[in-house]
Amino acid sequence: MNRTTLSLIAGTTALAAVTGFAVLTAPDPTAADGGVATAAARLPVERSSLLCPTPSSSDLAETTYTSFTPVTKGTEGEGSAELRSATAGQPAEESTKDGEDGEKESGKDGGEEKAAESEKPEKLEKPVLEHKKEPGEPVTAETSGGEEPALLGTAEGRFAPGWTVQQTTEVAAGTGRGLQGVTCTAPDTEFWFPGASTATERTDYVHLTNPDDSAAVVDIEVYGKDGVLETEVGEGITVGPHSSEPVLLSTLTDEEQTDVTVHVVVRSGRVGAAVQALDNSLGGDWLAASADPAGSLVLPGIPEDATAVRLVVFTPGNVDADLKVQLASPSGPITPAGNETVHVKGGMTTAVDLGDVTRGEAGSLLLTPTDRSVPVVAAVRVLRGKGDNQESAFVPAAREVGLRATSVDNTAKGSTLAVTAPEGAAKVKVTVSAGSEGGTPATETYTIKAGTTQNIEVPVPDDVEGTYALTVEPESDDAPVYASRTLTAPDDGVPAFTVQTLTDDRGMVAVPQAKEDLSVLQK
């Protein structure tokens, strides 16, 4: 092996550990050069980024941010985790188009005085949340009102692996009243949101948050029951550096449709994206992105007391999809009467009312192809309550729990953890963290039977005070596990609730292991 190859491996390994997104495939040891590496090892990431959307425009909003990093083997030394306002420390000139105004401020046309001013370092505002406790201990921060900004989050060192942040907002009255929760997400370049709406009774915003130093350019496509909807201003939306842009769906199209699928595509840069779906009479919640298009999907943890469940499915291509619909109940898969299958036309959004499909039991929706596998995305809108006391939330198709997943901002009486194993029996280890105001952690292992969903009674120690985190770790390598957490906070007869799916926390990254001692090759 030459020095160039050695440097490439070392550089890529460092990049993987810092970003948490680089994954290397070990070279084939039977190759002509004898191979360079064997099976990849997993190391903790050294830096994580999360983005939290603008919580609410309501003056009655009360928002809690909860930060948590699980204890991870192999981490040591210093570290930090904090959330800052999206506009903190960013001069207005930075968001100008093509840097034209920036050139003037640099002194080309504005004189030496302006140039000197532009070189002064920006004074950063105090973080909204700073994690000063140890990993394994949640930290919370609270804000109120309708003018709170989106937040940009960064964790480094021993706080980076598995860093998770939950944003939970209570709105006492008005459009979208109730409980609105969202897991702050890592930036990406493409998102699918089946279940959004342009109907008169709905006010849906696509929140776009840019964490980087340069502007991001984003396209928003909207697909209804007959295909793509004509949009006037959905292309080339500019999101300035370190800023957030809420886009009202009804301003993109004149067509009113109850169910649409929103596709967010980033032309340049990267963003965090989430849809805030607010209803005039049925409350509101955040609609998180669906798992990437796939032939089979799992929508885990539909609340057992759901009074109405509406499934929304979309296939991105021009090929129709035929899907079998099943509910993974505590006793095994069952087929909803009258909704055994759903036909999805290519490029069109399809919605199906499943009624009270869970019938008082834990359940997860399983979508599988009846014949040919065609990639689809999906979400369900769930209602709880009756009459004027109804509240809505969403459960999107989820990615697997993977190596480890975490849910934060849990309460002893208001949290339900649902775990499903659609393809085979699985064991999962569930850890309750110390509370945000004290207490000791506890761990329990559970077996989930094949094709079932189990609402787990979490072993919360009596001394846990405040909110706590739940960490789920599958112990079965051959059986995928999916999970969600339902958080409830009843208020004056309204069964306020929100649901977040649990997906891999990206705390570990695969890096190659050397097949031979590389140190001798450097001599």
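**Exercise 1. The disulfide**

Task: In this predicted model, find which residue a disulfide joins to Cys 52, and work out which parts of the chain the pair ties together.

Solution. Start with the sulfur atoms: those of Cys 52 and Cys 184 lie 2.0 Å apart, and since a pair of cysteine sulfurs within 2.5 Å is taken as a disulfide, the two residues are joined. By this rule the count comes to one disulfide. Next, take the geometry of the link, which is right-handed, with 110 degrees about the S-S bond. Then place the two ends: Cys 52 belongs to strand β2 (residues 47-52), while Cys 184 sits in the loop between β9 (178-183) and β10 (190-196), so the bond ties together parts that are 132 residues apart in sequence. Finally, look at the surroundings of each end: Cys 52 is buried, with a relative accessible area of 0%, and Cys 184 also counts as buried, at 4% relative accessibility.

**Exercise 2. The two pockets**

Task: Describe the largest pocket and the second largest pocket by volume, and then state which residues and elements line them.

Solution. The largest pocket has a volume of about 950 Å³. Its lining is made up of 47 residues, and those closest to the centre are Thr 185, Ala 186, Arg 399, Thr 503 and Arg 506. Several strands each supply at least two residues of this lining, among them β8 (164-171), β17 (272-279), β27 (389-396) and β35 (497-502). Sorted by class, the lining of the largest pocket holds 26 nonpolar, 12 polar and nine charged residues.

The second largest pocket encloses about 470 Å³ of space. Here 20 residues form the lining, and Pro 70, Val 71, Thr 72, Arg 404 and Glu 473 are the closest to the centre. The elements that give two or more residues are β30 (426-432) and β33 (468-474), and β30 gives the most, with three residues. By class, this lining has seven nonpolar, six polar and seven charged residues.

**Exercise 3. Arg 384 and Thr 498**

Task: Decide whether Arg 384 is buried or exposed, do likewise for Thr 498, and name a side-chain partner of each.

Solution. Arg 384 lies in strand β26 (residues 377-386). Its relative accessibility is 11%, and because buried means under 20%, Arg 384 counts as buried. The side chain of Arg 384 is joined to that of Asp 305 by a polar contact of 2.8 Å. Leaving aside neighbours within four places in sequence, the contacts of Arg 384 include Pro 303, Asn 389, Glu 391, Thr 488 and Phe 497.

Thr 498, in turn, lies in strand β35, and at 0% relative accessibility it counts as buried. A polar contact of 2.8 Å links its side chain to the side chain of Gln 500. With neighbours within four places in sequence again left aside, Thr 498 is in contact with residues including Leu 179, Asp 285, Ala 393 and Arg 485.

**Exercise 4. A loop residue, Glu 340**

Task: Locate Glu 340 in the chain and identify what its side chain reaches.

Solution. Glu 340 lies in the loop between β22 (332-334) and β23 (341-344). Its relative accessible area is 39%, so Glu 340 is partly exposed. The side chain of Glu 340 reaches the backbone nitrogen of Gly 338 at 3.2 Å. Beyond residues up to four places away in sequence, Glu 340 touches Leu 323, Lys 324, Val 325 and Thr 335. For Glu 340 and Gln 326, which are 14 residues apart in sequence, the C-alpha to C-alpha separation is 7.3 Å.

**Exercise 5. Two positive phi values**

Task: For Asp 409 and Asp 492, state the phi value, the place in the chain and the exposure.

Solution. Asp 409 has a phi near 65 degrees, a positive value in a residue other than glycine. Asp 409 is found in strand β28 and is buried, with a relative accessible area of 8%. Asp 492 likewise has a positive phi, of about 55 degrees, although it is not a glycine. The place of Asp 492 is in the loop between β34 (482-488) and β35, where at 75% relative accessibility Asp 492 counts as exposed.

**Exercise 6. The whole chain**

Task: Summarise the secondary structure, the share of buried residues and the sequence separation of contacts.

Solution. The chain has three helices and 36 strands. Of its 523 residues, 51% count as buried. Among contacts between residues at least 6 apart in sequence, 81% join residues at least 24 apart.

Methods: Residues numbered from 1 in each chain as written. Predicted model: local features only at pLDDT ≥ 70, side-chain atom pairs only at ≥ 80, totals over all residues. Heavy atoms only, no water. Helix = DSSP H or I, 4+ residues; strand = E, 2+ residues; numbered from the N terminus. Buried < 20%, exposed > 50% of the residue type's maximum accessible area, 1.4 Å probe, protein only. 1 Å grid on protein atoms, 1.4 Å probe; cavity = no way out; pocket = protein on both sides within 12 Å on 5 of 7 lines; lining within 4 Å. Points joined across faces, edges and corners; volume = space filled by probe spheres on them. Nonpolar A, V, L, I, M, F, W, Y, C, P; charged D, E, K, R; others polar. Polar contact = N/O pair within 3.5 Å; in protein donor to acceptor, adjacent residues only side chain to side chain. Contact = heavy atoms within 4.5 Å.
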